[in-house]
Amino acid sequence: MDKKKTLSFKQKIGIGILVFLLVVGGVVYKLADRYLIEHVEVVVADEAASSDSTSGTAATNDTTTTTATTAAEVNATSDDWSYSSDDIQIKIDQVQTGSGSDQITYFVADVVLKNSSSLRSAFADNSFGTNITEVTSEIAASNDALFAINGDYYGFREDGVIIRNGTVYRDDPVRDAMALFEDGTMQTYNEEEISSSELLAQGVTNTLSFGPILIQDGQITSDFSNVKIDTNFGNRSIQNANPRTAIGMIAPNHYVFVVVDGRNEGYSRGMTLTELADLMQDLGATEAYNLDGGGSSTMYFMGRVVNNPQGKNQERGVSDILYIKE
């Protein structure tokens, strides 16, 4: 006679627990792999040197001479809120409006450049990929930046068109984006309507993929009531008042950068997208674009962070910055 072995109740419980742990472990690993574990796709040996290349290839060694210009060589003067040289003019204002729970504190940097090559981008840890982060001030300092803001946090997502310093790093068009060109102009556009090759032919230097577009051709683009940027795990709604970062162009090589503090009642509640668009228009921007905000919103100038990140003077790691350098 065949004797069939049956599992005891304790054995069944043990197997059930093991299966449960394996499933949970697999889910945890997938989440960690997607949102925590660094994945380096490209190491950029010298981000500053590559900034003069707009052909989609690495820059030659000849560019390193021009990027090493010092403040003394360009007759620069500066204080805590301004910088002036032969090639770069930066003036930062801190503005407070409202009072009590309705108070808003924000920072406006008016920047005029002689050459568009002074406006650059840099990756955290000089590496392109996902989940690679450093705080804005660290990326700025390592690139000898005079001024910097956080970028689009491209590393939190796996799509979009990412062109930085003339090199295409990602080409998966999905949303409204922003492009900077070597003639000093800025253009907001739909990634699905203009190819990266067309942008490169037009002289693009950098693209950022976040949004929404705030101002296009001098006009505020929408009421922003149903804006959706990402569906990734952990995202907040962006319609309400939040810390913000935005870039706008007043004229070629004349930019305005805005960082809004928030989530700190009595100091700054943040801004809605509508309020941000109105502000950018009031500042004279003919094109304006919303970048990553919330805890990422950071403005750096001459070795210090000028705003109050996360409402507690604590920067959050980001994947990239826009910065100004002699």
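Strand β18 is largely enclosed by the rest of the structure, because 5 of its 5 residues are buried. The model is a predicted one. Within β18, the side chains of Glu287, Tyr289 and Leu291 point one way, while Ala288 and Asn290 point the other way. Residues on both sides of the strand are buried.

Two strands pair with β18. Strand β16 is antiparallel to β18 and is joined to it over 5 bridges; here Met249 has Glu287 of β18 as its bridge partner. Strand β14 also runs antiparallel to β18, with 2 bridges between them. On that side, Ile215 stands opposite Ala288 of β18.

**The sheet around β18**

These pairings belong to an open sheet of 9 strands, ordered β2-β3-β4-β5-β17-β16-β18-β14-β15 and paired in the antiparallel sense. Its edge strands are β2, residues 77–78, and β15, residues 219–220, each of which pairs on one side only. Further along the order, β5 (residues 104–113) and β17 (residues 254–260) run antiparallel and are joined by 7 bridges. One of the residue pairs there is Val112 with His254, the latter in β17.

Leading into β5 is the loop from β4 (88–97), and Gln103 has its place in that loop. Gln103 has a relative accessible area of 13%, so it counts as buried. Apart from neighbours within four places in sequence, Gln103 is in contact with Gln96, Thr97 and Gly98, and also with Gly266, Tyr267, Ser268 and Arg269.

**Helix α6 across the sheet**

Helix α6, residues 273–282, lies across β5, β14, β15, β16, β17 and β18. Relative to β14 (213–216), the helix runs at about 30°. Gln281 is placed in this helix. Its relative accessibility is 32%, so Gln281 is partly exposed. Setting aside neighbours within four places in sequence, Gln281 is in contact with Ile215, Gly218, Gln219 and Ile220. For Gln281 and Ile215, the C-alpha atoms are separated by 7.2 Å, although the two residues are 66 apart along the chain. Ile215 is also the residue that stands opposite Ala288 in β18, which links this part of the description back to the enclosed strand.

**Helix α1 and its surface patch**

Helix α1 spans residues 9–35, and Phe20 has its place there. Phe20 counts as exposed because its relative accessibility is 53%, and the cut-off for that class is over 50%. Phe20 is one of the residues of a nonpolar surface patch that also includes Phe9, Ile13, Ile17, Leu21 and Val24. Together these residues have about 610 Å² of accessible area.

**Backbone geometry in loops**

Most residues other than glycine have a negative phi, and most peptide bonds are trans. Against that background, the peptide bond from Gly211 to Pro212 is cis, with omega near 10°. Pro212 is in the loop that runs between β13 (204–208) and β14.

Asp125 and Tyr153 are residues other than glycine with a positive phi, near 55° for Asp125 and near 55° for Tyr153. Asp125 lies in the loop between β6 (119–123) and β7 (127–130), whereas Tyr153 is in the loop between β8 (147–150) and β9 (160–164). Asp125 is partly exposed, given its relative accessible area of 48%. Tyr153, at 17%, counts as buried.

The relative accessibilities of the individual residues discussed above are collected here.

| Residue | Relative accessible area | Class |
|---|---|---|
| Gln103 | 13% | buried |
| Tyr153 | 17% | buried |
| Gln281 | 32% | partly exposed |
| Asp125 | 48% | partly exposed |
| Phe20 | 53% | exposed |

**The chain as a whole**

The chain contains 6 helices and 21 strands. Of its 326 residues, 49% are buried. Among contacts with a separation of 6 or more, 70% are between residues 24 or more positions apart. The accessible surface of the chain is about 15300 Å², and carbon and sulfur atoms account for 50% of that area.

Note on methods
Residues are numbered from 1 along each chain as its sequence is written. This is a predicted model: local features need pLDDT of at least 70, side-chain atom pairs count only at pLDDT 80 or more; totals for chains, interfaces and linings use all residues. Side-chain values use heavy atoms; hydrogens and water are left out. Patches are made of residues with over 30% relative accessible area and no salt bridge: like charges are joined within 9 Å, nonpolar side chains (Val, Leu, Ile, Met, Phe, Trp, Tyr) within 5 Å. Accessible areas come from the Shrake-Rupley method with a 1.4 Å probe; for residues, only the protein chains shown count as cover. A salt bridge is a side-chain nitrogen of Lys or Arg within 4 Å of a carboxyl oxygen of Asp or Glu. Helices (H or I, at least four residues) and strands (E, at least two) are DSSP runs, numbered from the N terminus. Buried means under 20% relative accessible area, exposed over 50%, partly exposed in between (1.4 Å probe, protein chains only). Two strands pair if DSSP finds at least two bridges between them. Contact means heavy atoms within 4.5 Å. Axes are lines fitted to C-alpha atoms, for helices over the stretch in contact, and angles run from 0 to 180 degrees between N-to-C directions.
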